[in-house]
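Please open the structure in a viewer and keep the sequence panel visible. The tour below proceeds by selections, each followed by a description of what is found there.

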Amino acid sequence: MVHEVTDELVAEAARGKGVGGALTSEAIVLARAAGARTVDLTSRPARKAAGRLYERAGFEERDTRVYRYRMPA
């Protein structure tokens, strides 16, 4: 089973306060609970801050600009 996050948006006034990281972490928790082995998400190349957020969360950029988080064993 693969879960894909396609829209994780944080209001501009809330940016830089950990909201995006918390949403990403919770998505991973929920995916793990559902039995997912990976989580894929997409982000436009222009969204540099989003890319940095996903990489800090442990996602790896793929050639398609889709990030994947592998569930630890």
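**The outer face of the helix α1**

Begin by selecting Leu30 and Ala33, two exposed residues on the face of α1 that is turned away from its buried side. The model on display is a predicted one.

Now select the buried residues of this helix: Gly20, Thr24, Ile28 and Ala31. Viewed along the axis of α1, the buried residues occupy an arc of 75°, and therefore they line one face of the helix. The spacing of such residues follows a general pattern: an α-helix has 3.6 residues a turn, so residues three or four places apart point the same way.

Next, select the whole of α1 and compare its length with expectation. At 1.5 Å a residue, its 15 residues should span 21 Å, and the end C-alpha atoms are indeed 21 Å apart, so the two values agree. After α1 comes Gly35, which has a positive phi, near 95°.

Return to Gly20, a member of helix α1. Its relative accessibility is 11%, which is why Gly20 counts as buried. Add Val10 to the selection: the two residues are 10 apart in sequence, and their C-alpha atoms are 6.3 Å apart in space.

**The whole chain**

Zoom out and colour by secondary structure. The protein chain holds 2 helices and 4 strands, arranged from the N terminus in the order β-α-β-α-β-β. Of its 73 residues, 32% are buried.

**The second helix**

Select α2 and highlight Ala50, Gly51, Leu53 and Tyr54, the buried residues of this helix. Seen down the axis of α2, these residues fall within an arc of 160°, so they too line one face of their helix. Then turn to the other side of α2, where Lys48 and Arg56 are exposed.

**The largest pocket**

Which residues lie nearest the centre of the largest pocket? Select Val10, Arg15, Ala49, Ala50 and Leu53 to see them; the full lining has 19 residues. The volume of this pocket is about 390 Å³.

Show α1 (19-33) and α2 (48-56) together, since each of them supplies at least two residues of the lining. The greatest contribution comes from α2, with 7 residues. By character, the lining divides into 8 nonpolar, 4 polar and 7 charged residues.

**The aromatic residues**

Select Tyr54, Phe59, Tyr67 and Tyr69, which form one aromatic cluster. The count of aromatic pairs comes to 3. In the pair of Tyr54 and Phe59, the ring centres are 6.2 Å apart and the planes stand at 65°; the pair is therefore edge-to-face. Are these two residues buried or exposed? Both Tyr54 and Phe59 are buried.

**A last stop on a strand**

Finally, select Thr42, which is located in strand β2 (residues 38-42). Thr42 has a relative accessibility of 32% and so counts as partly exposed, a value that lies between the limits of 20% for buried and 50% for exposed. Add Arg62 and draw a distance between the C-alpha atoms: the separation is 9.8 Å, although Thr42 and Arg62 are 20 residues apart along the chain.

Note on methods: Residues are numbered from 1 along each chain as its sequence is written. This is a predicted model: local features need pLDDT of at least 70, side-chain atom pairs count only at pLDDT 80 or more; totals for chains, interfaces and linings use all residues. Side-chain values use heavy atoms; hydrogens and water are left out. On a 1 Å grid over the protein atoms alone, a cavity is a set of points where a 1.4 Å probe fits but cannot get out, and a pocket is an open set with protein on both sides within 12 Å along at least five of seven lines; lining residues have an atom within 4 Å of a point. Grid points are joined across faces, edges and corners, and a volume is the space filled by probe spheres set on the points. Ala, Val, Leu, Ile, Met, Phe, Trp, Tyr, Cys and Pro count as nonpolar, Asp, Glu, Lys and Arg as charged, and the others, Gly among them, as polar. Buried means under 20% relative accessible area, exposed over 50%, partly exposed in between (1.4 Å probe, protein chains only). Rings of Phe, Tyr and Trp (its six-membered ring) pair if their centres lie within 6.5 Å; planes under 30 degrees apart count as stacked, over 60 as edge-to-face and the rest as tilted. The expected span of a helix is 1.5 Å times one less than its number of residues. The arc is that of the directions from the helix axis to the C-beta atoms.
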